[in-house]
Amino acid sequence: MKVKNILLFSDFGIDDMVAAAFAVFNEEVNVVGIVADYGNVSKEKALQNAAYLRDLTGLTEIPVFGGAGLPLTGDMPEFYPEIHGLSGLGPILNDVVVDVDFFENFDEIKRIIEQYENDILIVNIGRLSSLATAFILYPNLLKQVSDIYIMGGAFFVPGNVTPVAEANIYGDPYAANIVLSHAPKKVYIIPLDVTMSAILTPALVDRLHEHFIETGNQFGQLLKPMIDYYYEFYQKQFADISGSPMHDLLTFWAIMEESAIEYIEAPVKVVVDKGVAFGQTIGDFRKLPAEKKENYQVHYIAVKFDYRQFIETFYRVMTNPVERES
């Protein structure tokens, strides 16, 4: 089994924390660095949550880097306490104190990428502002990254911020356009088309919670109140939804279970012109010869996944966490 080294870009809302739990419990994943960005919460709160994650898991050796505090649009970011809570952790108020000035250290991601040259994946589950900045500052360095996975976009389904735009892309379409237009290789895009079906049911969450209580896993015991909070929001939006869609968790799972998720290759463009389509992800899915399609960069777009395998893998990992040295 080959362990996958991950440099994680995250805005640390609820589904980010569930994905992070899945990653640190998982023997096939090695998180080698965390970039904490604005997005679901402010950059400052994202840094607090990254520090909280390290404290809860004892993985204090994982370096944390301060990412972007603002989008490249220059607009003030909008946060979503009604979805993720005031601290990004639902009802849990994180009072971890961090020296934000200390985390003006984004340049140090170069050291991480060079250390794991050609054996490191970037997983971006928040806004793309920091990753776009890395593309601008270190274009040759990014060629040393083996693959890039992003959670974002909506192609054949409605958006979740506007009728056509998904939150991570809409939050900074300029950054998304930079990443998808200048990536050194095809990016794996995990859009709402699949993530809205990555449901954790209340019954599964309750079963896991009982397990975490029995085993004394304090970090695991925090997941239920966060996921329940998240589910309450989604029930208000979709009366018949059967559980909480875990957008970011599916992105991590896709890295592990490559054969259980189906992609199509298509040219992709992000709309950056202000208007009703601002932040829309456009894929050219026409059945035409490549030379007759739009001249956008081609990427992998997830369109289907094995839900049963998703749940089985998630439950197995969460109930058999790897013992890591702290």
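Q: Which residue in strand 10 stands opposite valine 268?
A: Glycine 283 in strand 10 stands opposite valine 268. In strand 11, valine 268 stands opposite glutamine 297. A strand here is a DSSP run of E with at least two residues, a helix is a run of H or I with at least four, and both are numbered from the N terminus. One point before we go on: this is a predicted model, in which local features need pLDDT of at least 70 and side-chain atom pairs count only at pLDDT 80 or more, while totals for chains, interfaces and linings use all residues. Residues are numbered from 1 along each chain as its sequence is written, and side-chain values use heavy atoms, leaving out hydrogens and water.

Q: How do you know that strand 9 is joined to strand 10 and to strand 11?
A: Two strands pair if DSSP finds at least two bridges between them. Strand 9 has three bridges to strand 10 and eight to strand 11, so both cases satisfy that rule. Strand 9 runs antiparallel to strand 10 and antiparallel to strand 11. One of the bridges to strand 11 links isoleucine 261 with phenylalanine 305.

Q: How many bridges join strand 6 to strand 11?
A: There are two, and these strands run parallel. The cut-off is met, so the strands count as paired. Isoleucine 189 has isoleucine 301 of strand 11 as its bridge partner.

Q: What makes strand 3 and strand 10 edge strands?
A: Each of them pairs on one side only. Nine strands form an open sheet with mixed pairing, in the order 3-2-1-4-5-6-11-9-10. From one strand to the next, the twist averages 30°. As a general point, strands of a sheet pair through backbone hydrogen bonds, either parallel or antiparallel. Strand 1 (residues 4–10) and strand 2 (residues 29–36) are a parallel case, with seven bridges. Asparagine 5 and asparagine 30 are bridge partners there.

Q: Which strands does helix 7 touch as it packs on the sheet?
A: Helix 7 (residues 173–182) touches strands 5, 6, 9 and 11, and its direction makes about 115° with that of strand 9. Touching, or contact, means heavy atoms within 4.5 Å.

Q: Why is helix 9 described by its direction relative to helix 11 as it is?
A: Their axes cross at roughly 165° and come within 9 Å. Axes are lines fitted to C-alpha atoms, for helices over the stretch in contact, and angles run from 0 to 180 degrees between N-to-C directions. Angles under 35 degrees count as roughly parallel, over 145 as roughly antiparallel, 65 to 115 as roughly perpendicular, and the rest as oblique. The angle therefore makes helix 9 roughly antiparallel to helix 11. Pro202, Val205, Asp206, His209 and Phe212 of helix 9 make the contact with Leu223, Lys224, Ile227, Asp228 and Tyr231 of helix 11.

Q: Why are helix 1 and helix 13 placed in their angle class?
A: Helix 1 (residues 14–24) and helix 13 (residues 307–319) pack at about 65°, with axes 9 Å apart. The two are therefore roughly perpendicular to each other. In their contact, Val18, Ala21 and Phe22 of helix 1 meet Thr313, Phe314, Val317 and Met318 of helix 13.

Q: What makes threonine 195 buried?
A: Buried means under 20% relative accessible area, exposed means over 50%, and partly exposed lies in between, using a 1.4 Å probe and protein chains only. Threonine 195 has a relative accessible area of 0%, so it is buried. It lies in helix 8 (residues 192–195). Leaving aside residues up to four places away in sequence, threonine 195 touches Met151, Ile190, Pro245, Met246, His247 and Leu250.

Q: How do you know whether asparagine 217 is buried or exposed?
A: Its relative accessible area is 17%, so asparagine 217 is buried. Asparagine 217 sits in the loop between helix 9 and helix 10. Its contacts are Phe25, Phe212 and Pro321, not counting residues up to four places away in sequence.

Q: Why is helix 12 called mostly covered?
A: Of the 10 residues in helix 12 (residues 247–256), 10 are buried. Among them are His247, Leu250 and Trp253.
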